[in-house]
Amino acid sequence: MSSTTDASTGRAQISERTLRTDRWWLSPLLNVAGLGAWVIYATVRVFMQSYYFTDLPGQQYSYLTPFYSPCFSVGCTPEASHFGQFLPDWWWLPYAAISLPFLLLFRLTCYYYRKAYYRAFYLSPPACAVAEPHKKYTGETRFPLLAQNLHRYFFYFAGLVTLVNTYDAVVAFINKDGSFGFGLGNIILVANVVLLWLYTISCHSCRSIIGGRLNHFSKHPVRYKLWGQVSVLNGKHMQLAWTTLASLAITDFYIMAVSAGWWGDPRIVG
Amino acid sequence: MSYWAHFRVWRGDSDKGELVDYPAEVNEGEVVLDIIHRLQQTEAQDLAVRWNCKAGKCGSCSMEINGRPRLACMTRMNTFAEDEVVTVTPLRTFPVIRDLVTDVSFNYTKAREIPSFAPPEGVEPGEYRMQQVDVERSQEFRKCIECYLCQNTCHVVRDHEENKEAFAGPRYLMRIAELDMHPLDSADRQQAAQEEHGLGYCNITKCCTEVCPEHIKITDNALIPLKERVVDRKYDPVVWLGNKLFRRGEAANKNR
């Protein structure tokens with residue numbers, strides 16, 4: 001029983017879990033729907049092991065979806081493996097099995113997503129001043145939630161993977177015959193990479209590393225300036241978290257559609 | 001333009017209590033505290049309420065209005081529909097004394113548990129020298145008016161009375177963050193935050209920020225940076241390597 005409704009400690013005797021009259025349940029509901037839909041889509045796609053690279057006959061351009069980058073499995077199309085192949089080709093092992101777990105953990109331990117899923121999935125609390133259903137609460141003081149403090153490690157790794165995504169976006173401008181090419185897919189890939197960088201840089205860990213951990217800004221003017229800029233981005237971290245989920249899904253879906261021949265990539269150059 | 005509103009006010013003490021219905025006249029420009037005062041003058045002359053400045057600066061009239069922790073003096077009546085029932089209850093995290101007045105001494109206890117500002121050894125009062133840029137970040141936290149709305153809404157203690165012993169609450173973790181960021185404070189705040197004041201209980205769901213009448217970004221600017229400073233200290237491999245390579249000790253870490 002929540003202490004909010006238990007008056008044994010001298011609190012006001014009010015039996016309702018909350019007296020809020022607004023639609024406090026809407027935000028957790030939207031989070032469950034949005035995060036749930038994305039996780040289902042991403043899970044299906046990473047285990048599909050097809051339609052991740054545009055290599056249909058006649059297609060000069062080559063786009064690799066971020067869900068399969070870097071493509072380390074021996075099952076990958078050789079042209080899609082920019083950094084070699086060494087993972088076995090098993091149906092249950094995603095082709096990008098090296099990067100995906102860390103990216104998942106980066107998002108799972110992100111301060112924004114923590115707020116979102118603690119509220120929406122664990123109902124801890126479902127909304128402000130709405131009693132949670134749990135009898136006990138120890139927060140992030142014990143394993144496994146103590147591991148949320150490892151966000152810093154996943155941030156470093158996510159930076160590396162975003163570098164790889166940037167490389168993929170640049171390489172996509174080079175056609176198979178070595179000429180320069182540029183189409184709608186390139187715009188989508190570049191936009192996705194820019195958003196991924198903004199999300200990664202706006203991370204609370206990055207804000208701390210850049211300058212937040214300093215006590216004497218006056219001794220570090222460059223880091224102070226960078227901290228100010230990261231702080232501005234950090235204020236948009238929630239929006240960037242959702243925008244990058246959307247941009248990742250859109251980029252992947254677009255490349256799947258082009259790869260499957262559902263539609264062709266409108267070319268601007270080459 | 002006046003109208004008659006339907007108020008439901010919690011009346012009682014720590015033994016028993018109930019929501020009591022009152023009709024109340026509302027005039028243009030009034031706030032909830034005005035209506036509570038009108039009820040004291042008319043329908044409920046023994047209604048207990050704590051208030052002082054009526055300007056959102058003393059933090060006395062904290063209560064829950066339609067279930068949301070608010071300052072009664074800063075909650076305008078024109079934010080409610082005329083036919084809406086306005087429910088007013090005391091803060092639900094603290095023991096009630098009578099009607100809308102609660103015993104907030106939990107917060108005084110927590111305040112006393114935090115060691116005060118500790119200047120470096122050999123630096124006497126009057127000799128403190130610091131740059132404005134080094135202190136302005138924590139000046140945001142000095143806007144706190146001690147209304148305890150954040151302490152009241154934080155589910156760690158609101159829903160779990162047993163955590164009151166171990167958890168200082170957002171207001172006092174913010175105080176620790178303020179001291180830890182201070183360029184002249186020499187005490188070890190990070191270890192104390194984690195091990196003595198329950199920083200790990202905070203799951204950064206941001207209700208403290210949502211209810212703050214001073215719009216202090218408690219979570220983003222105090223609690224998360226404090227958590228990150230603990231991570232710097234206890235978990236970050238790069239910081240650990242830097243400290244080893246450049247032979248930096250705890251004192252240097254504090255003086256960064």
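This is a short talk on a predicted model with a chain A and a chain B, covering the interface, two helices, some salt bridges and two single residues.

First, the ground rules. In this predicted model, local features need pLDDT of at least 70 and side-chain atom pairs count only at pLDDT 80 or more, while totals for chains, interfaces and linings use all residues. Residues are numbered from 1 along each chain as its sequence is written, chains are lettered from A and ligands numbered from 1 in the order in which they are written, and side-chain values use heavy atoms, with hydrogens and water left out.

Let me start with the interface. On the chain A side, 59 residues are in contact with 66 residues of chain B; contact means heavy atoms within 4.5 Å. The size of an interface is often given as the accessible area lost when the parts come together. Here the buried area is about 5400 Å², and carbon and sulfur atoms give 48% of it. Buried area is the accessible area, taken with a 1.4 Å probe, that two parts lose on being put together, summed over both. Which three residues supply more than any other three of the area that chain A buries against chain B? They are A:Tyr137, A:Arg213 and A:Asn215, with 15%.

Now the polar side of the interface. The rule finds seven salt bridges between chain A and chain B, a salt bridge being a side-chain nitrogen of Lys or Arg within 4 Å of a carboxyl oxygen of Asp or Glu. One salt bridge joins A:Arg213 to B:Asp232, with the closest N and O atoms 2.9 Å apart. There are also 44 residue pairs in polar contact across this interface, both residues at pLDDT 80 or more. A polar contact is a pair of N or O atoms within 3.5 Å; within protein, one must be able to donate a hydrogen and the other to accept it, and residues adjacent in sequence count only if both atoms are side-chain atoms.

Four helices of chain A each supply at least two residues of the side that touches chain B: helix 3 (111-120), helix 4 (151-171), helix 6 (204-212) and helix 7 (221-234). Helices (H or I, at least four residues) and strands (E, at least two) are DSSP runs, numbered from the N terminus. By residue type, that side of chain A divides into 19 nonpolar, 24 polar and 16 charged. In this scheme Ala, Val, Leu, Ile, Met, Phe, Trp, Tyr, Cys and Pro count as nonpolar, Asp, Glu, Lys and Arg as charged, and the others, Gly among them, as polar.

Next, two helices. Helix 6 of chain B runs over residues 170-181, and its twelve residues should span 16 Å at 1.5 Å a residue. The expected span is 1.5 Å times one less than the number of residues. The end C-alpha atoms are 16 Å apart, which agrees. How many of its twelve residues are buried? Eleven are, so to speak of this helix as mostly covered is fair. Buried means under 20% relative accessible area, exposed over 50%, and partly exposed in between (1.4 Å probe, protein chains only). Among the buried ones are B:Tyr172, B:Leu173 and B:Ile176. Helix 6 of chain A has seven of its nine residues buried, so the rest of the structure largely encloses it. Those buried include A:His204, A:Cys206 and A:Arg207.

Back to salt bridges, of which the structure holds 28 over all chains. B:Arg38 and B:Glu30 meet at 2.5 Å, N to O. B:Arg38 is buried at 19% relative accessible area, and B:Glu30 is buried at 11%. B:Asp188 pairs with B:Arg233 at 2.8 Å between the closest N and O atoms. B:Asp188 lies in the loop between helix 6 and helix 7 (189-195) of chain B and B:Arg233 in helix 9 (residues 218-234), so the pair ties together parts 45 residues apart in sequence. Shared partners also join A:Arg152, A:Arg213, B:Glu228 and B:Asp232 into one network of salt bridges.

Last, two single residues. A:Phe72 sits in the loop between helix 1 (26-48) and helix 2 (100-108) of chain A. Is A:Phe72 buried or exposed? A:Phe72 is buried, with a relative accessible area of 11%. Beyond its neighbours within four places in sequence, A:Phe72 is in contact with residues including A:Phe83, A:Phe86 and A:Tyr95.

B:Thr75 is in the loop between strand 4 (68-71) and strand 5 (85-89) of chain B. B:Thr75 is buried, at 0% relative accessible area. A polar atom of the B:Thr75 side chain lies 2.7 Å from the backbone oxygen of B:Leu71.
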